[in-house]
Amino acid sequence: MPQELPKAYDPAAIEEKWAEYWVRERLFDVPSSEGASASASQAQPGEQARFTMLLPPPNVTGRLHMGHMLNQTEMDILTRWHRMRGDRSLWVPGTDHAGIATQMMVERQLAAEGATRQELGRSAFVERVWQWRAHYGGAILDQMKRLGASVDWSREYFTMDEDLSVAVKEAFVRLHEQGLIYRGAYIVNWCPRCQTAISDLEVVHEEQQGKLYEIRYAFADGFGSITIATTRPETMLGDVAVAVNPSDERYRDFIGKMLVLPLSAANGKPNREIPIIADEWANPEFGTGAVKVTPAHDPNDFAIGKRHGLPSPIIMDETAHIALPGSPYHGLDRYEARVRIVSDLEAAGALVAVKDHQLSIGKCDRCKTTVEPRLSTQWFVAVNKTPKGGGNSMAANAIEAVKDGHIRFTPDQYRKTYEGWMNNIYDWCISRQLWWGHRIPAWHCAACKETTVARETPTACAHCGSAAIEQETDVLDTWFSSGLLPFTVFGWPQRTADLAEFYPTQLLVTGFDILFFWVARMVMLGCHFMLDEPMADGSRRQLKDAVPFREVYIHALVRDADRQKMSKTKGNVIDPIEIIGRFGTDAVRFTLASMASPGTDIAFSEARTEGYRAFANKIWNSARFVFMQVERAKEAGIAVDYAQISSALRSGAAAPLADAPLETRWILTRLSNTAANVNAALGDYRFDEAASHIYQFFWGELCDWYLEIAKLRLDFGDEADKAATGAALRTLLAVFEASLRLLSPFMPFITEEIWHALYDGAAPARSIALARFPQPADMDADGDAARNMQTLQTLIVEIRALRKELGVPEKEAAPVVVHAPAAFAAVVAANSGIAERMARVSAVSFSDAALSGTSARSTPQFDVAVTYEKQVDVPAERERLSKEIAKYEKGLSNSERQLGNEAFLAKAPANVVEGLKKQAAETKALLEKARAALDGLG
RNA sequence: AGGCGCGUAGCUCAGUUGGUUAGAGCGCUACCUUGACACGGUAGAGGUCAGGAGUUCGAGUCUCCUCGUGCCUACCA
């Protein structure tokens with residue numbers, strides 16, 4: 001006997017229970033085939049499809065936001081769907097150590113205690129971060145459990161885990177050996193607050209209203225001057241030249257002359273002298289056409305400096321304060337220095353003009369501090385360089401992998417974005433001046449100044465043998481380690497069974513915001529390293545199998561209901577856990593799925609979520625109805641064989657489908673079609689379509705029609721036909737159970753609860769998530785029956801509408817007359833009980849003559865009239881008919897115009913012409929009837 | 001400065017290769033305490049598909065332009 005469900009659906013009462021159950025029972029773990037005997041692990045070699053996916057690792061510092069929830073809902077739907085289809089489905093979770101973010105978090109904590117990391121020292125600080133992580137680092141994964149994410153928790157990783165750290169070291173050393181990692185002094189984006197270099201991607205650009213300062217530099221010979229233009233006058237302290245375009249007539253004669261650099265006097269020495277040089281970079285159109293050159297603080301100037309062999313004096317320290325001992329500006333912050341320098345220039349009469357100027361400035365993505373381009377020694381990955389041992393550059397492989405279709409993007413437009421970026425990629429600065437992260441495995445020698453890169457901590461310099469070596473203090477960019485995850489999570493550099501089985505992963509689901517940060521880097525690193533790993537059968541790996549994933553699904557941004565980007569400063573952040581608390585996880589999941597149309601941002605709406613909570617409630621109550629029928633059956637002595645439930649989806653020899661009632665044949669057909677539609681939609685990542693098909697089927701067909709008609713069949717009275725009742729109950733249970741399975745990937749909690757209740761402890765699996773996902777072939781379909789049923793539904797709807805028009809009281813049954821072709825008349829006659837119940841009909845009779853008038857309605861398939869005396873509302877009826885006539889006239893004239901067009905008849909496909917002819921004839925008939933009805937009103 | 005999207009019912013969005021009278025959910029209106037469900041049922045109202053031009057027998061769908069809007073990329077001092 002199925003359990004009795006509480007009256008109202010209460011998600012809080014069931015969701016936590018199942019979330020814990022799934023984790024506790026380890027239902028979604030996929031054991032490694034490592035060590036398993038070949039015959040056991042490969043009982044059906046190659047037959048079981050695999051579905052492998054990595055969770056984009058959230059930051060350890062993170063809290064779950066709507067973006068995560070969308071991302072994880074989509075991944076979970078897909079994983080559950082694949083799992084239920086019988087695929088070996090592995091979804092690997094983990095967290096990212098998030099270098100800068102985590103370090104900031106712990107520094108803030110220290111600051112609250114009045115301490116700094118410098119006071120603590122490096123190793124104590126790192127220890128402290130580990131403690132922090134142990135305390136707070138699991139928060140986001142705990143929240144994830146609440147979503148029902150069906151990940152393999154036994155494989156949970158952290159990017160700083162020992163084995164992953166070994167892999168990161170290995171990757172670094174190999175790239176270095178291949179000549180693809182180098183160290184050098186270049187201009188990098190420097191964050192003066194974080195005090196570390198950051199990559200180009202970590203700089204966000206902002207348009208700002210600034211000033212363009214025009215400053216006069218006098219010639220050293222005392223005769224004349226040149227005026228330069230700059231947005232950053234404070235950097236003039238580091239000027240080493242002024243550049244003009246060689247083709248610029250105005251300045252051609254000045255090239256080679258020396259200038260006196262104002263304000264550069266220090267320590268009693270006079271102002272420095274700098275040359276005027278010719279360089280194509282100088283744009284005659286911009287400013288004054290003369291540009292000052294500050295190689296240590298501007299990337300373009302750095303390039304000019306290189307071209308002309310100029311020195312690169314650094315004039316600011318790591319915190320963007322002027323660092324020129326002896327200079328009056330020494331120690332000033334860059335902005336204070338600007339104010340002072342501008343006023344001093346003005347006082348000296350060197351400030352020619354200050355103009356408004358729109359400029360875009362780079363800010364640190366993490367802390368929004370204005371980035372300072374800074375010359376410093378950093379480590380880089382040479383992405384466009386051919387490795388020493390031969391082969392393609394990383395970027396070339398990554399471009400080819402996508403171009404050749406080994407990686408497919410959905411939506412496809414992101415392929416272009418990816419290609420555009422990859423084709424213009426620069427070397428990647430991977431060193432960070434942080435303490436939290438993977439420390440670079442390089443040791444600098446105090447004796448010979450050389451650097452030793454090694455897997456194991458060396459005791460002596462590899463170049464001179466000196467023991468005076470010290471490890472590089474920099475750590476690696478967090479994205480360097482996360483870029484390796486698709487293979488390191490499976491044990492690389494070891495050649496494990498997991499790596500052989502699960503690499504490449506099938507799919508990556510992520511947001512476009514980390515397309516370059518992460519997706520592109522995974523492709524580069526994956527292709528690069530995995531090309532060197534042989535296939536499981538020992539053969540050489542090709543690019544198509546070296547890619548980290550075969551498909552990338554990029555989802556949209558979740559915005560608030562007003563389409564605003566959620567942000568803490570705006571205060572419009574929606575907390576998924578709070579929303580879940582109010583509506584239930586299933587409802588929120590379904591909302592996100594139903595709004596997840598590729599390429600379109602999601603304006604998350606609570607109203608919509610309310611609607612899907614109502615849907616969950618509908619599901620819940622339909623279950624209560626079904627269970628109630630089982631209860632009644634039991635009391636009537638009709639047994640239900642739970643082991644045989646799904647067999648009722650197909651006709652057997654004992655019960656041919658042709659003998660089944662119309663609604664049974666119809667609902668099985670609809671279920672089959674819905675299964676086909678949902679499978680197809682999920683295959684195309686159309687979560688919205690899949691959700692909509694399910695919603696429409698469950699509510700609009702199963703609940704609104706099938707359950708209502710079932711009430712008619714489930715007669716447990718003494719006189720009832722027990723066999724027919726039993727059959728009806730079996731079909732009801734079968735269809736309902738299959739519908740739960742169809743819903744399960746979308747609403748795992750409520751379906752799990754009801755499914756177990758339905759089987760009352762005798763469920764055929766430990767979870768509905770391990771049951772089979774409905775396939776179209778699982779149930780018999782009968783197209784003719786479905787069409788007949790649909791016409792019957794139309795008949796019922798027309799009768800209901802007529803009843804309203806005629807003012808038949810809700811409770812009162814009325815007789816109807818039907819005029820229809822014999823075939824459909826027979827269907828109506830055979831199923832008059834359905835019409836009687838669904839449309840409150842007292843009796844159905846048939847007429848050979850067409851029906852029209854105010855109490856009749858016509859469709860192309862039938863006419864129907866309700867026999868009722870009451871006066872109709874003549875004006876209202878006239879209005880309705882007039883509208884209808886206008887619609888038909890418009891439609892008919894359109895059709896006739898087209899049918900009169902010879903070009904149309906000649907060029908349009910036959911089925912279209914035929915369809916239009918049929919439609920025109922039908923419309924004409926309906927128009928005549930409507931006109932007759934209007935005339936009948938008088 | 002380049003590149004990519006978007007603009008369809010009051011709101012949020014579908015609308016696959018151009019083909020018959022453009023759909024859904026929510027909201028709205030009227031009626032209904034029918035023994036699963038008022039988080040419900042039934043019936044309805046609501047759209048010149050941003051605007052303009054073009055291609056075509058036929059355009060929400062393809063092309064161009066305009067307007068509005070969002071995003072990404074870029075070293076112009």
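**Exercise 1.** Find which residues threonine 410 touches, leaving out those up to four places away in sequence, and decide whether threonine 410 is buried or exposed.

*Solution.* Not counting residues up to four places away in sequence, threonine 410 touches Val552, Tyr553, Ile554 and Tyr685, where contact means heavy atoms within 4.5 Å. The structure is a predicted model, in which local features need pLDDT of at least 70 and side-chain atom pairs count only at pLDDT 80 or more, while totals for chains, interfaces and linings use all residues. Residues are numbered from 1 along each chain as its sequence is written, chains are lettered from A and ligands numbered from 1 in the order in which they are written, and side-chain values use heavy atoms, with hydrogens and water left out. Next, place threonine 410 in strand E15 (residues 408-410); helices (H or I, at least four residues) and strands (E, at least two) are DSSP runs, numbered from the N terminus. Finally, the relative accessible area of threonine 410 is 12%, so this residue is buried (buried means under 20% relative accessible area, exposed over 50%, partly exposed in between, with a 1.4 Å probe and protein chains only).

**Exercise 2.** Determine which residues of helix H27 are buried, and explain why they line one face of the helix.

*Solution.* In helix H27, which spans residues 832-839, the buried residues are Ile834, Ala835, Met838 and Ala839. Seen down the axis of H27, these buried residues fall within an arc of 95°, so they line one face of the helix; the arc is that of the directions from the helix axis to the C-beta atoms. Their cover includes helix H21 (662-683), helix H22 (687-713), helix H25 (783-806) and strand E27 (841-846). Just after H27, arginine 840 takes a positive phi of about 50°.

**Exercise 3.** Describe how helix H11 and helix H16 pack.

*Solution.* Helix H11 (residues 394-403) and helix H16 (residues 515-530) pack at an angle of about 100°, and their axes are 8 Å apart. Axes are lines fitted to C-alpha atoms, for helices over the stretch in contact, and angles run from 0 to 180 degrees between N-to-C directions. The two helices, H11 and H16, are therefore roughly perpendicular to each other (under 35 degrees counts as roughly parallel, over 145 as roughly antiparallel, 65 to 115 as roughly perpendicular and the rest as oblique). On the H11 side the contact is made by Met394, Ala395, Asn397, Ala398 and Ala401, and on the H16 side by Val523, Met524, Leu525, Cys527 and His528.
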